[in-house]
2 protein chains.
Amino acid sequence: MLLSKSCEYAIQAVLTIARKSDGDYLPVRKIADETGISYHFLGKILQTLTKAGILNSYKGPNGGVALVRSAAETTLLDIVAAVDGLGFAQRCALGLPKCSDESQCALHEDWGKICKNMSQMLESRSILDLISFYK
Amino acid sequence: MLLSKSCEYAIQAVLTIARKSDGDYLPVRKIADETGISYHFLGKILQTLTKAGILNSYKGPNGGVALVRSAAETTLLDIVAAVDGLGFAQRCALGLPKCSDESQCALHEDWGKICKNMSQMLESRSILDLISFYK
DNA sequence: AGCATTTAAGACTCTTTTGTCTTAAATGTA
DNA sequence: TACATTTAAGACAAAAGAGTCTTAAATGCT
Ligand code: FES
Ligand code: FES
């Protein structure tokens, strides 16, 4: 599994926020109901996104979370980086301690291409791109 | 992390077997020393490969494990399939219960391409290809 | 037959990930 | 000020992954 469960949830949540919010804050409760993700678990994940500067949060009545930047300016890579980190693109496919063009393993070249594809996909797809799929 | 730790170890082990064995059985002990993988843990992983028909094993003095098919006929995909399964290529990137061309999520198309790349890489690279890298 | 070697198998522990629950803090509203 | 709403935070539990250890079974050698 490339993305952790938390990261999958984070992406689903951000997609939901971008689709459902009309500029106001969207309560975590609503996101949980919409996506089916456990409320409390989702809360923690969204905290990470808030700390990472991807979401704003506001407490109290009419509070909730909202995107800091526009959907067009927020990419999948931002979310993955915040939740899982970018290690996937730097780690050796065989788990060897170092992965660089100097100290290579047998998979390094093939693997590098795949990682690059993946990073490019994650970076080039904005949240806006993705929600337009549902329209 | 795409490949599990066990799967990384399995690949390392098979590469070692292909490189070090001269037709005889290679003891798990030797593979563990060579790769630095814990002996007992490696034992379990190699059992899985044996059950999957990738390795033969033989007990007793001069026993060990050996490739069933030649290094040229054994692919990375065989190993990954045996240890981790092929779920990675069928699972929805967002963890949604179904992933098919009918019931798509926003990432389905992009994700599909990446999975295909990955499968092709794993399938097209034989163990022989990989060990020739070290020569 | 007896011994040393080597894989097989399962119990067990440790760590990480995933998920739940409870309480605190902030904030708008009446 | 009192209250309802909503996020923040941390303790706790459950499940999965990773790793260790012990014992059993098979086999070759003397
Ligand atoms: S060294 Fe193994 S993938 Fe780079
Ligand atoms: S439905 Fe999500 S990747 Fe196929």
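The largest share of the surface near DNA strand D, 4 residues, is contributed by α3(A). The model described here is a predicted one. In total, 27 residues are found around DNA strand D, and those that come nearest are Val28(A), Ser57(A), Ser38(B), Phe41(B) and Tyr58(B). Sugar or phosphate makes up 68% of the atoms of DNA strand D within 4 Å of the protein, and bases make up the rest. By class, the residues of this surface are 10 nonpolar, 11 polar and 6 charged.

Several polar contacts involve phosphate oxygens of DNA strand D. A polar backbone atom of Val28(A) is placed 2.6 Å from a phosphate oxygen of this strand. From chain B, the side chain of Ser38(B) brings an N or O atom to 2.4 Å from a phosphate oxygen of DNA strand D. For Tyr9(B), the corresponding distance from a side-chain N or O atom to a phosphate oxygen of DNA strand D is 3.4 Å. Two or more residues of the surface near DNA strand D are given by each of α3 and β1 (55–58) of chain A, and by each of α1 (5–20) and α3 of chain B.

The surroundings of DNA strand C were examined in the same terms. This strand is surrounded by 26 residues, with Ser38(A), Tyr58(A), Val28(B), Tyr39(B) and Ser57(B) the closest. Of the atoms of DNA strand C that come within 4 Å of the protein, 67% belong to sugar and phosphate. The surface near DNA strand C consists of 10 nonpolar, 10 polar and 6 charged residues. Here α3(B) gives the most, with 4 residues.

Contacts to the backbone of DNA strand C include three from chain B. A backbone N or O atom of Val28(B) is 2.6 Å from a phosphate oxygen of DNA strand C. Ser57(B) uses a polar side-chain atom, which also lies 2.6 Å from a phosphate oxygen of the strand. In the case of Gly60(B), a backbone N or O atom lies 3.3 Å from a sugar or linking oxygen of DNA strand C. The elements that give two or more residues to the surface near this strand are, in chain A, α1 (5–20) and α3 (39–51), and, in chain B, α3 (39–51) and β1 (55–58).

The relation between the two protein chains was then considered. A turn of 180 degrees with a shift of 0.0 Å along the axis lays chain B on chain A with an RMSD of 0.1 Å. The two copies are therefore related as by a two-fold rotation axis. The same surface serves both copies, as 100% of the contact residues of chain B recur in chain A. Within chain B, the residue that comes closest to the rotation axis is Leu2(B), whose C-alpha is at 2.3 Å.

Leu2(B) is also among the residues that line the largest cavity. The count of cavities of 30 Å³ or more comes to 1, and the largest cavity holds about 100 Å³ of space. Chain A contributes Met1(A), Leu2(A), Leu3(A) and Glu8(A) to its lining. From chain B, the lining includes Phe88(B), Arg91(B), Cys92(B), Ala93(B), Trp111(B), Cys115(B) and Met118(B). Helix α5 (residues 108–124) of chain B supplies the largest share of the lining, 3 residues. The lining residues of the largest cavity divide into 10 nonpolar and 2 charged, with no polar residue.

Technical notes: Residues are numbered from 1 along each chain as its sequence is written. Chains are lettered from A and ligands numbered from 1 in the order in which they are written. This is a predicted model: local features need pLDDT of at least 70, side-chain atom pairs count only at pLDDT 80 or more; totals for chains, interfaces and linings use all residues. Side-chain values use heavy atoms; hydrogens and water are left out. A residue is near a molecule or strand if one of its heavy atoms lies within 4 Å of it. A polar contact is a pair of N or O atoms within 3.5 Å; within protein, one must be able to donate a hydrogen and the other to accept it, and residues adjacent in sequence count only if both atoms are side-chain atoms. Ala, Val, Leu, Ile, Met, Phe, Trp, Tyr, Cys and Pro count as nonpolar, Asp, Glu, Lys and Arg as charged, and the others, Gly among them, as polar. On a 1 Å grid over the protein atoms alone, a cavity is a set of points where a 1.4 Å probe fits but cannot get out, and a pocket is an open set with protein on both sides within 12 Å along at least five of seven lines; lining residues have an atom within 4 Å of a point. Grid points are joined across faces, edges and corners, and a volume is the space filled by probe spheres set on the points. Copies are superposed by least squares on the C-alpha atoms of residues with pLDDT of at least 70 in both. Contact means heavy atoms within 4.5 Å.
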